[in-house]
Amino acid sequence: MKIPILVLYFLFWSSMAAKGLPAPTGERDFTGENHALIIGIGNYDHWPKLKSPTKDAKELSRILLEKYNFKKSNVSLLTDKTIEKPTLVNILTYLDRYLKNLTEKDNLLVFFSGHSLEDEDGETYWIPKDGQKKSKMTWLGHTALCNDVFASPHFKVKSLCIMTDSPFSNKLIRPKPISLTPFDLRYTEKIKEKAENKSREVLSFGDQHWPGTKNTEGLGLFTYYIRKALTENELEVIDLENLIFDENIIFPITKIAGTKLVHGRIRTPMDRGGQFVITIVIPSHIVNIISASVNPEKAYPGDNFTVTAKTNEPAYEVYIKIENRRYPMEGKDTEWEYTKKIEKLGKMQFYVTAINEKGVEGKGQGGRIITIKPQVKPTNVQEVRVEPKTGLGGDFFRFTATTDTPAREVHVRMNGKIFKMNGSDTQWSIKKRIDDIGTIDFSVVATNNDGVEGSPKTGNIEVEAGVANVVELRATPQTGYAGEEFTITVKTDRPAEAVNIQMDGKIFPMDGSGRAWTLKKNIPEIGKKEFIAIAINSKGTEGASKREELLTQKSPSPISNVALVDVKVVSPGKGYAGDTYEINVKTTTPADAVYLDIEGKQYDMKGSGSVWNYLSKIDKVGSNKYRVSAKNKDGVLGKTKEGEIKTIRKPALPVNVLTVSVSPKKGPTDKNFTFKAKTDRIARSVTLILGKKPYDMTGSGTDWSLSKKIDDTGTIDFSVVAKNKNGNKGSNRTSTVTVLRDRFKKNADGTVTDLITGKVKNRFADNGDGTITDLVTNLMWLKSPKQIALSWGNAVEYCRKLDYKSLSGWRLPTIGEWRKMTDPEQKNPSLPPENPFTNVVTHVGYWSKTKHKFGPKYVYQMSMWTGKATHLNKQENAIVWPVRYAETPE
């Protein structure tokens with residue numbers, strides 16, 4: 001069957017018009033450009049439906065985009081709900097694109113969640129959405145995929161990681177665990193070196209998809225713990241192997257599903273010992289909708305409505321939701337719009353949202369689309385005239401409009417502004433001064449008595465830059481004292497591009513725009529001072545100037561100019577915001593008053609003569625601009641001095657850990673230990689360091705906690721340290737916790753001893769509902785096994801579908817769990833003394849889920865007659881005794 005599969009793949013790929021992948025954008029980091037193909041299939045055409053995979057794929061995509069160095073343009077999602085479905089052809093087409101387009105600077109993550117299969121030859125398969133149950137040619141065989149893509153010398157990607165919620169054939173991979181851990185002092189440096197080498201990694205669940213439950217928030221078991229690892233990771237740089245193969249991920253999966261995660265390297269020279277490394281990225285700017293409007297505001301069924309939206313920053317995509325249907329808007333950067341014909345009568349809500357390049361959605365805005373039943377005909381603009389048709393910037397233009405029926409209102413829309421016309425019935429007009437230059441487009445639209453707009457008329461006018469003449473020039477004061485500051489103001493008849501003042505043979509540019517301009521200038525000379533104002537338009541043409549003069553007199557008292565400003569922080573301040581600053585000022589001559597202006601607020605300084613000072617508390621972080629001015633006894637202001645006071649944010653006080661505790665202080669590896677810490681002040685974060693491994697605690701304020709299982713055994717030192725809002729650590733607290741490999745020790749009489757309390761208990765706890773919990777293994781067994789023998793495949797399916805007393809998650813025991821359950825000293829059945837089980841058949845073997853070394857056709861079985869394990873072909877029949885993982889009752 002393998003040759004036809006390869007032929008089929010070749011035919012599919014050669015027939016596909018491979019579209020180019022998006023060109024990488026932005027600066028690459030050391031890991032390269034990350035791509036991902038994320039597949040989740042639940043709604044199968046020919047196989048049983050699965051609830052979790054679509055959610056699995058969407059959730060993995062979300063966390064990769066939000067937290068790690070993956071761009072939305074590089075993440076391809078194929079699920080039941082995407083436009084492109086995860087069919088055989090579509091999956092192969094995407095792989096072909098990657099084969100042809102990715103380079104040695106790219107990395108590819110392939111994720112699969114859905115049905116999978118292992119045949120009698122040990123070949124493993126992914127089942128696409130349209131895969132036929134009895135046709136392997138419609139499945140995705142892992143051997144063929146490796147030969148043609150993943151292990152191919154033509155597949156140029158630097159790093160490949162296949163993360164699959166399924167088995168993956170052991171024949172295709174070789175075990176090669178990484179020796180480097182994140183707790184290595186030079187981990188980041190070393191893992192960056194490894195990331196430069198090529199890698200072909202497989203991270204496999206090792207079993208068929210384990211469906212989601214309430215405990216996994218509806219996610220498949222594999223994806224739930226993958227998401228947990230990705231979400232809780234705080235290391236800026238981490239390789240996927242170390243991230244996933246953590247005891248907090250492996251331990252619960254093994255206990256619940258009875259399977260072991262598989263890690264290996266595809267058998268190919270293309271794997272050169274590299275690692276697929278991901279990095280946490282600084283969150284992208286959130287793109288929010290700052291305005292969303294609809295035009296027209298009201299119309300009739302069958303009319304077009306255009307929704308226009310603006311964003312605060314350039315958006316990657318913008319969507320509008322109308323009546324629970326989502327549509328992509330057209331546009332780019334910050335300007336977007338969508339036009340839709342609305343047939344429905346009445347009011348309907350719309351809501352517009354934008355996403356950034358990481359796929360993160362920002363704040364949206366909504367509005368209403370209103371259609372009404374026609375009471376009167378639409379009022380259309382028949383004719384529009386404008387006089388003159390061409391003119392100069394600053395000229396008045398008269399717009400007149402004629403409508404086909406009497407209008408309630410008529411408006412001119414021009415340059416994003418709306419102007420209401422004057423008139424009544426069918427005749428309307430408005431006179432407007434136009435300052436803009438160039439070809440100015442406008443439209444005129446009328447509304448009828450229903451408030452509905454009719455057909456508009458459009459046009460344009462040509463406006464050239466006119467010569468801007470100075471029509472008013474004034475100095476304030478007209479007569480003042482030498483050394484005093486004068487304010488010169490100019491008005492022009494048309495908008496000017498710039499206005500300059502000529503004085504004493506020098507040119508001084510004025511501040512302003514349009515027709516209004518100002519200049520503040522200190523004039524030290526005594527006597528008449530002539531000055532000329534000249535306006536320049538956008539073409540550089542000067543208009544008519546205006547000449548004026550001002551008079552400066554000698555002040556009866558000397559002018560007090562600010563000669564020196566000295567700013568220093570008052571001890572014990574360190575230059576932080578909130579500190580008090582002393583501002584000392586010296587003037588050239590004795591001043592009558594000195595003023596300090598800080599960030600627009602004016603203060604009277606204290607002092608006399610030429611020495612002045614002021615104490616001011618500065619609360620603003622950063623630059624605080626100031627200006628100091630002095631006035632003599634005649635009220636004349638002299639030269640000022642300007643500067644800035646720079647402050648920095650005051651470091652927060654250290655947050656110290658006051659107390660730590662753990663409950664229980666002694667417990668087994670399969671139990672949660674709850675660590676609690678109390679700090680002396682509000683902490684930003686608190687970290688538990690267990691052995692050498694850090695874990696973030698949860699909480700807020702001064703109370704923090706963390707519950708987790710501990711894989712290491714013995715007496716383990718731990719410490720807790722807190723960080724303040726600036727990220728600085730305070731003093732820590734230390735303690736110890738004792739972890740036991742097994743809580744219960746088996747006794748010869750079939751009882752167990754609790755190693756924590758010392759009490760002797762029955763090993764098996766009868767739950768009173770037809771289930772028994774084994775305190776030694778934390779496995780819940782049915783009190784009586786199924787009495788009818790089944791094939792291995794039917795036994796697996798029986799366990800999967802079993803919903804006993806609203807309890808789910810049943811499976812076959814592993815052979816290791818069988819060995820812990822049985823007692824070879826006992827015969828017929830080989831169960832511990834005083835066990836509570838009933839109806840235990842002993843003349844037929846019992847299935848396990850563990851594969852036998854003889855190959856994929858065989859699994860281990862357990863004999864209840866002898867308590868010994870043997871092998872059995874999967875096609876033969878044996879007894880099913882379902883188990884599920886359960887917490888040990890206290």
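Tutor: A residue is called buried when its relative accessible area is under 20%. Please keep in mind that the structure above is a predicted model.

Student: How is that cut-off applied to tryptophan 47: is the residue buried or exposed?

Tutor: Tryptophan 47 has a relative accessibility of 13%, so this residue counts as buried. Tryptophan 139 is also buried, with a relative accessible area of 4%.

Student: How many aromatic pairs are found in the whole structure?

Tutor: Two aromatic rings are taken as a pair if their centres lie within 6.5 Å. A search of the whole structure on that basis gives 17 aromatic pairs. One of them joins tryptophan 47 and tryptophan 139, with 6.0 Å from centre to centre and 70 degrees between the planes, an edge-to-face arrangement.

Student: Which parts of the chain does the pair of tryptophan 47 and tryptophan 139 tie together?

Tutor: Tryptophan 47 belongs to the loop between strand S1 (33-40) and H2, and tryptophan 139 to the loop between strand S5 (124-126) and strand S6 (140-141); the pair therefore ties together parts that lie 92 residues apart in sequence.

A second case is the pair of phenylalanine 205 and phenylalanine 222, which is tilted, at 5.8 Å centre to centre and 55 degrees between the planes. Here phenylalanine 205 is in the loop between strand S9 (199-204) and H6, while phenylalanine 222 is in helix H6, 17 residues apart. Both phenylalanine 205 and phenylalanine 222 are buried.

Student: Which residues do ring pairs link into a cluster?

Tutor: Ring pairs can share members, and the cluster here consists of Phe764, Trp781, Trp818, Phe837, Tyr846 and Trp881.

Student: Where does the charged end of lysine 431 sit?

Tutor: For this feature one considers a charged group and the face of a ring. The charged end of lysine 431 is placed over the ring of phenylalanine 396, 5.3 Å from the ring centre. In another example, arginine 884 lies over the face of tryptophan 810, at 5.9 Å from the centre of the ring.

Student: Let us turn to helix packing. At roughly what angle do the axes of helix H2 and helix H6 cross?

Tutor: Helix H2 (residues 53-67) and helix H6 (residues 221-232) have axes that come within 10 Å and cross at roughly 10 degrees. Angles under 35 degrees count as roughly parallel, and H2 and H6 are therefore roughly parallel to each other.

Student: Which residues of H2 meet which residues of H6?

Tutor: From H2, the residues are Asp56, Glu59, Leu60, Ile63, Leu64 and Lys67; they meet Thr223, Ile226, Arg227, Leu230, Thr231 and Glu232 in H6. Sorted by class, this contact of H2 with H6 has five nonpolar, two polar and five charged residues.

Student: What does serine 61 contact beyond its neighbours within four places in sequence?

Tutor: Serine 61 is in helix H2 and is in contact with Ile38, Val75 and Leu77, once those neighbours are set aside. Serine 61 has a relative accessible area of 7% and is therefore buried.

Student: How should one read the surroundings of tryptophan 126, and which residues does it touch?

Tutor: One may combine location, accessibility and contacts. Tryptophan 126 is part of strand S5, and its relative accessibility is 1%, so it counts as buried. Leaving out residues up to four places away in sequence, tryptophan 126 touches Val110, Phe112, His115, Trp139, Leu140, His142, Leu145, Ile162, Thr164 and Ser166. The C-alpha atoms of tryptophan 126 and histidine 115 are separated by 6.4 Å, with their positions 11 residues apart along the chain.

Student: Which peptide bond leading to proline 388 is cis?

Tutor: Most residues other than glycine have a negative phi, and most peptide bonds are trans. The bond from glutamate 387 to proline 388 is cis, with omega near -10 degrees; proline 388 is in the loop between strand S22 (381-387) and strand S23 (390-392). Serine 571 and proline 572 are likewise joined by a cis peptide bond, with omega about 10 degrees.

Student: What is phi of aspartate 425?

Tutor: Aspartate 425 is not a glycine, and its phi is positive, near 60 degrees. Its place is the loop between strand S27 (422-424) and strand S28 (427-434), and at 45% relative accessibility aspartate 425 counts as partly exposed. Serine 806 also has a positive phi, about 65 degrees, and is exposed, with a relative accessible area of 69%.

Terms used. Residues numbered from 1 in each chain as written. Predicted model: local features only at pLDDT ≥ 70, side-chain atom pairs only at ≥ 80, totals over all residues. Heavy atoms only, no water. Axes fitted to C-alpha atoms, helices over the stretch in contact; angles between N-to-C directions. Helix = DSSP H or I, 4+ residues; strand = E, 2+ residues; numbered from the N terminus. Parallel < 35°, antiparallel > 145°, perpendicular 65-115°, else oblique. Contact = heavy atoms within 4.5 Å. Nonpolar A, V, L, I, M, F, W, Y, C, P; charged D, E, K, R; others polar. Phe/Tyr/Trp six-rings, centres within 6.5 Å; stacked < 30°, edge-to-face > 60°. Buried < 20%, exposed > 50% of the residue type's maximum accessible area, 1.4 Å probe, protein only. Lys NZ or Arg CZ within 6 Å of the ring centre and 35° of its normal.
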